[in-house]
Structures are given as structure tokens and as C-alpha cells.
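I opened a fresh page for this one. My plan was to go from the whole fold down to single residues.

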Amino acid sequence: RRVHGGRANMYGEKAVELLRDLRRSRWLPPYNENVMRQVIGEIDALYKEILHTVSSAGEQMSMPEVACGVVVQHQSMLRNKRCLLSYLQYRLDKIQQLRWETGSTVPAELRGNLSQAELEFFSQYQNLLEDYSKNVTTNLGASVTLDLTADMQPPKDLYVEVRVLEDCGELMLAESGTVNLAKDTTHFLRRADVDHLIRQGKLEQTDTDL
């Protein structure tokens with residue numbers, strides 16, 4: 001442990017704080033770059049302390065208290081690393097899941113919780129899905145590009161009746177022009193065209209009993 005500002009800080013305390021933030025959040029907390037940098041700084045400091053001890057201890061390295069100190073510092077460094085990787089991987093998993101659940105854009109109310117790098121990851125993941133869908137479409141000889149994320153569950157019908165909960169403007173349909181999705185209007189449309197809007201909460205499916 002270290003003493004900072006009059007109180008003793010345990011190694012890894014800040015790294016654990018990152019993981020606790022994830023647990024407390026309903027989706028993802030805002031990306032905590034400040035604490036990330038503190039943990040990286042602690043890893044760097046531990047590494048330098050280990051090098052200094054190993055290079056200066058000489059024959060004292062055989063003393064249990066010295067060797068034990070190096071082991072504790074090394075394990076603390078590895079633990080910090082695992083916490084950082086877990087924090088980043090959990091966030092990336094959530095971002096990938098978001099693409100499948102809400103469509104090709106990050107909802108406005110969630111964008112502020114992502115770093116610029118995470119927003120770029122979402123965009124690149126979206127591009128990969130589009131390229132893969134096009135390749136699958138070509139291999140199957142289909143006339144319309146398949147959207148692999150359109151249905152999270154096997155659909156009962158190709159068309160669904162939906163009610164518009166908020167104005168969405170004009171929507172380009174894959175097979176039949178455009179439709180104006182004005183609030184409180186009802187439409188009978190291809191599921192593949194509107195599934196992403198249903199998942200975003202902008203449309204409500206009214207024929208769920210079918």
C-alpha cells in the first residue's frame with residue numbers, strides 16, 4: 001500500500017473502483033478516463049519500483065521480506081492490468097450488444113457515456129456487420145440485402161402493424177418507396193424495415209398477439 005494525502009491507499013483500489021462503477025450502472029457509466037490514467041500510472045510506478053528493488057537489492061533479494069515485497073508489487077501490477085482489461089472488454093461487449101438491439105446508430109441518451117474511441121468502435125462494428133450482410137446476400141443470390149440483426153427472435157410474420165410513438169420522418173422502405181412515420185399514426189410494414197425502430201422504442205408493435 002501507499003500513503004497519499006494522509007491516508008493509506010491499497011494497491012488496486014482505483015482499478016476496483018472502475019469495476020464497481022460498471023456494477024452500479026443500469027447500462028454503462030460514462031467512460032472514466034481520469035481513473036483509467038490513474039491506474040495506468042500505478043502500474044507504471046509498480047513496474048519502476050520492482051526494477052529499482054531488483055537492481056539495487058543485490059544479495060538482499062534472498063531475504064524473505066524483500067522477495068515478498070517484489071511478489072506483492074508484481075501481483076498488484078497484474079491485478080490492475082486484469083481489472084483494466086475487464087473494464088474495457090465489458091464495455092465493448094455492451095456496445096456490440098447495443099448494435100444488435102437498437103440498430104445502426106447509438107441512441108442520443110447513451111452517446112455521452114461512450115468515449116470517442118468507443119463511438120468509433122461502434123461505427124467500425126456497424127461497417128463489419130454491413131459488409132458481412134452484403135457478402136451473405138451475394139452468396140445466397142438474394143435480391144435484397146439481408147439484415148442479420150433485424151430479428152432477435154424468429155419472427156412469426158414478415159409484416160407487422162406498428163403505431164408511431166414519436167415523429168420519425170420519412171423512412172425508406174426496401175421494396176416499396178417511402179413512408180412518413182408521423183406520431184400517433186399506424187402502419188402495416190415489413191418487419192425488416194422497422195424492427196430497429198421498434199427496438200429503439202420509437203414504434204410500438206400493436207399485433208403482438210398474432
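These are my entries, in the order I looked things up.

**Entry 1: the overall layout**

I noted at the outset that this is a predicted model. I then went through the secondary structure and found 6 helices and 7 strands. Read along the sequence, I get β-β-α-α-α-α-α-β-β-β-β-α-β. I looked up burial next: of the 210 residues, 33% are buried. The accessible surface came out at about 13,500 Å². Carbon and sulfur atoms account for 52% of that surface. I also checked contact range. Taking contacts between residues at least 6 apart in sequence, 60% join residues at least 24 apart.

**Entry 2: the sheet**

In what order do the strands of the open sheet run? I read E6-E3-E7, 3 strands with antiparallel pairing. The edge strands are E6, at 186-190, and E7, at 203-205, and each pairs on one side only. From one strand to the next, I get an average twist of 40°. Helix H6, residues 191-199, packs on this sheet and touches E3, E6 and E7. I put its direction at about 120° to that of E6.

I then took the E3 and E7 pairing by itself. E3 covers residues 159-164, and its antiparallel pairing with E7 runs over 3 bridges. Arg163 stands opposite Glu204 of E7.

**Entry 3: the cores**

Which residues have the most contacts inside the largest nonpolar core? I listed Leu18, Trp27, Leu28, Val39, Leu98, Val106 and Leu114, in a core of 18 residues. I traced which elements give two or more residues to this core: helices H1 (13-24), H2 (33-57), H3 (64-102) and H5 (116-140). H3 gives the most, with 5 residues.

A second core is separate and has 12 residues. I noted Leu173, Val179, Leu181 and Leu197 among them.

I went back to Trp27 for its contacts. Leaving aside neighbours within four places in sequence, Trp27 touches Lys94, Leu98, Leu110, Asn113 and Leu114.

**Entry 4: Arg99 and Leu129**

Is Arg99 buried or exposed? I found a relative accessible area of 6%, so Arg99 counts as buried. Arg99 lies in helix H3. I set aside neighbours within four places and listed its contacts: Ser104, Phe122, Tyr125, Gln126, Leu129, Asp147, Thr149 and Arg199.

I followed one of these contacts, Leu129. Leu129 lies in helix H5. Its relative accessibility is 11%, under the 20% cut-off, so Leu129 is buried as well. With the same neighbours left out, Leu129 is in contact with Arg99, Trp100 and Thr149. I also took a C-alpha to C-alpha distance from Leu129 to Ser104: 9.7 Å, across 25 residues of sequence.

**Entry 5: Tyr31**

I moved to the loop between H1 and H2, where Tyr31 is found. Tyr31 is at 26% relative accessibility, so it counts as partly exposed. How far apart in space are Tyr31 and Asn113? I get 6.0 Å, C-alpha to C-alpha, although 82 residues separate them in sequence. Asn113 is also one of the contacts of Tyr31 beyond four places in sequence. The others I wrote down are Met36, Tyr87, Leu88, Arg91, Ser115 and Glu118.

**Entry 6: Asp184**

Most residues other than glycine have a negative phi. I therefore stopped at Asp184, which has a positive phi of about 70° and is not a glycine. Asp184 sits in the loop between strand E5 (178-181) and E6. Its relative accessible area is 59%, over the 50% cut-off, so Asp184 is exposed.

**Entry 7: cysteines**

How many disulfides does the structure hold? I counted 0. I looked up two cysteines for burial. Cys83 has a relative accessible area of 8%, so I logged it as buried. Cys168 is at 25%, between the 20% and 50% cut-offs, so Cys168 is partly exposed.

Terms used. Residues are numbered from 1 along each chain as its sequence is written. This is a predicted model: local features need pLDDT of at least 70, side-chain atom pairs count only at pLDDT 80 or more; totals for chains, interfaces and linings use all residues. Side-chain values use heavy atoms; hydrogens and water are left out. Two strands pair if DSSP finds at least two bridges between them. Helices (H or I, at least four residues) and strands (E, at least two) are DSSP runs, numbered from the N terminus. Axes are lines fitted to C-alpha atoms, for helices over the stretch in contact, and angles run from 0 to 180 degrees between N-to-C directions. Contact means heavy atoms within 4.5 Å. A nonpolar core is a set of buried Ala, Val, Leu, Ile, Met, Phe, Trp, Tyr and Cys residues joined through side-chain atoms within 4.5 Å. Buried means under 20% relative accessible area, exposed over 50%, partly exposed in between (1.4 Å probe, protein chains only). A disulfide is a pair of cysteine sulfur atoms within 2.5 Å. Accessible areas come from the Shrake-Rupley method with a 1.4 Å probe; for residues, only the protein chains shown count as cover.
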